[in-house]
Amino acid sequence: MTERRLSGVGVTPLSGVGTAVWYAPDAELDAPPEPETVDADAERERFESARDGARAEIRAERERTAERVGEAEAEVFDAHVQFLDDPQISDGVESEIGDGLPAEHAVTRTFDRFVEQFEGMEGRMAERADDLRDVRDRLVRVLIGSDRVDLADLPDGSVVLAERLTPSDTAQLDPERVAGFVTVTGGRTSHAAIFARSLALPAVVGVGEGLHDIEDGSEVVVDGTEGTVTVDPDAETRDAAAGGEDVEITAESVETADGTPIEIAANVGTRADLAPAAERGADGIGLFRTEFLFLDRQSPPDEDEQYEAYLEALEAFPGGRVVVRTLDIGGDKPIEYLDLPEEENPFLGERGIRRSLGPDADLFETQLRALLRAAGSENGGQLSVMLPLVSTVEEVREAQEALKSVAADLEDDGESYAIPEFGVMIETPAAAFLAPDLVDDVDFFSIGTNDLAQYVMAAERGNSRVADLGDYHQPAVLRAIRATVEATEGTDVWVGMCGEMAGDPDLTELLVGLGLDELSMSAVTVPQVKHAVTETTVADARALAERALAASTKAEVLGVLTETTR
Ligand code: PEP
Ligand code: MG
């Protein structure tokens, strides 16, 4: 068989070989046949046995969830069984079958009617619509015999193929078993891409409709460097993919050739990211995106659960710094059970610290309690707390008041705790302009270039139409970074970067020259960036940064960068 190759966007400089497993969350139906050709009795029987099959599946899933997540979370499956057994719903399905529809169409039509009713209700009742959809899809899958792939339980060496992967889908992938993933849609900064980088998984996104031509069970090579997917690879392609990387992994901390230490840390979201980050030699964690602790479940993690997660992160990096960012939701990071408002421009709405000081004040308090307790633990001295999406000095002060009040409560409760190092993300133009004032209230800054580029350039992140504008090579973005770093000079405040820009090894010299003390990135590029630090001197880096800052167009910035790599 000759190999076939498709192209997309490579999101990790890694390759993998494995067996294609299609992941399709929703079953698709063909148009229904003519009513007179449908045998209603046979369809009623199919419906009955599908209900039995679905019930057995739900029970098994309930058990697994109770074991892995918790009893409270598992209860949602009880509601699913109730829907399955609801006489109004089953009567509805039987009557549609009586009108000449095959069982799968009768299920879809009946459930959709109930979904619509629930959607018209207020609050919690409206949320039940999602449960109904879930039961509907399960029944249809059982009826048409399409199994939903369990992402958390894939065979070793699977390459997941999907239309798209949500953050909660991706969070289930076990990097020990999965050889990579490929999606039809998506771009470099999509959450699936960010996850792939933190899990150090080979991944290609945005391949387009051609991906549907790859069949389940085919052998595929995912080349995240070239952004290609090869089906039925020949021996040469397979061997090249199985070959290693060109840069050595080092657990040692690094410094420039003229002796300036630069901390190289990893961005993590879930427990599963910790081991790959340590294995790839990260000095610590520069960004723990705690919103991922809140995803893929029915209710928020409580104080003890969070406390355990923070301890685990501290233990994974003995002696290293662990920067935990408080909950950053809103924008492109919705969490269903939190009932976020509908906003016309969610990126300019209630997100990050704005929610923590507003409607999510209770969650913020719980999170701060868990963090302060973790700071008081054996390895707690390594912990730093960071606020997302700061745009005023008042927000920082208000958050500090909340932190003090939590400390006083812990004192009253007789809990052991400590006050951790405290910093803010610089990811809005307001924060960059206010950096000279913010230095008085914090221990550190971490520049979030994903959001900073979007807000400085007024170009939505993830919107491919404006990707060229919202690019971190834009001179306005470089100048916002420089202004931030400049505000820390002559103070004790250290400054890091945790946006995707920090993980681009072609920019390491520039970032050292701009004065960054720390760079935090998806685990996968840690070795390349560490290597790049050792290859530069501060003097050369500063000269490069000066030339880049003098550029007035993105093309000139790119010109300055290629001149030096030649
Ligand atoms: C950023 O905006 O650069 C950042 C690191 O935060 P996130 O990508 O989680 O919004
Ligand atoms: Mg951000």
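**Exercise 1. Classify Glu-96 as buried or exposed, and place it in the structure.**

Solution. Start with the accessible area. Glu-96 has a relative accessible area of 9%, so it is buried. The cut-offs are these: buried means under 20% relative accessible area, exposed over 50%, and partly exposed in between, with a 1.4 Å probe and protein chains only. Next, find the element. Glu-96 belongs to helix H4, residues 87–98. Helices (H or I, at least four residues) and strands (E, at least two) are DSSP runs, numbered from the N terminus. Now list the contacts, meaning heavy atoms within 4.5 Å. Setting aside neighbours within four places in sequence, Glu-96 is in contact with Leu-101, Ala-106, Arg-109, Thr-110 and Arg-113. Finally, look at the side chains. Those of Glu-96 and Arg-113 are joined by a polar contact of 3.0 Å. A polar contact is a pair of N or O atoms within 3.5 Å; within protein, one must be able to donate a hydrogen and the other to accept it, and residues adjacent in sequence count only if both atoms are side-chain atoms.

A note on the source: this is a predicted model, in which local features need pLDDT of at least 70 and side-chain atom pairs count only at pLDDT 80 or more, while totals for chains, interfaces and linings use all residues. Residues are numbered from 1 along each chain as its sequence is written, chains are lettered from A and ligands numbered from 1 in the order in which they are written, and side-chain values use heavy atoms, with hydrogens and water left out.

**Exercise 2. Check the span of helix H12 and describe its cover.**

Solution. First, the expected span: 1.5 Å times one less than the number of residues. H12 has 14 residues (303–316), so it should span 20 Å; its end C-alpha atoms are 20 Å apart, which agrees. Second, the start of the helix. Here a side-chain oxygen of Asp-302 comes within 3.3 Å of the backbone nitrogen of Asp-304. Third, the buried residues. They are Glu-303, Gln-306, Tyr-307, Ala-309, Tyr-310, Leu-311, Ala-313 and Leu-314. Fourth, the cover. It includes helices H10 (271–279), H11 (291–294) and H14 (361–375). Strands E11 (285–289), E12 (322–325) and E13 (383–387) are also included.

**Exercise 3. Describe the surroundings of ligand 1.**

Solution. Begin with the residues around it, those with a heavy atom within 4 Å. There are 15, and Arg-289, Arg-325, Gly-448, Asn-450 and Arg-461 come nearest. Then take the polar pairs. A polar side-chain atom of Arg-325 is 2.8 Å from an oxygen atom of ligand 1. For an N or O atom in the side chain of Arg-461, the distance to an oxygen atom of the ligand is 2.8 Å. Gly-448 uses a polar backbone atom, 3.3 Å from an oxygen atom of ligand 1. Last, the area. Taken alone, ligand 1 exposes 290 Å², and the protein buries 100% of that. Such areas come from the Shrake-Rupley method with a 1.4 Å probe; for residues, only the protein chains shown count as cover.

**Exercise 4. Which protein donors does the magnesium ion have, and where do they lie?**

Solution. Donors are N, O and S atoms within 2.8 Å of the metal (3.2 Å for Na, K and Ca); water is not among the atoms, so sites may look incomplete. For the magnesium ion (ligand 2), the protein donors are Glu-427 (OE) and Asp-451 (OD), at 2.0 to 2.2 Å. Glu-427 sits in the loop between strand E14 (421–426) and helix H16 (429–438), and Asp-451 in helix H17 (residues 449–457), so the pair ties together parts that are 24 residues apart in sequence. Check burial too. Glu-427 counts as buried at 2% relative accessibility. Asp-451 is buried, also with a relative accessible area of 2%.

**Exercise 5. Describe helix H17 and the residue that follows it.**

Solution. Count first. Of the 9 residues of H17, 8 are buried. Among them are Asn-450, Leu-452 and Tyr-455. The cover includes E11, E14, H16, strand E15 (444–447), H18 and strand E16 (494–497). Then step past the end. Ala-458 follows H17, with a positive phi near 50°. Most residues other than glycine have a negative phi. Ala-458 lies in the loop between H17 and H18. At 71% relative accessibility, Ala-458 counts as exposed.

**Exercise 6. Is Leu-389 buried or exposed, and what is its phi?**

Solution. Phi of Leu-389 is positive, near 55°. Leu-389 is found in the loop between E13 and helix H15 (393–413). At 0% relative accessibility, Leu-389 counts as buried.
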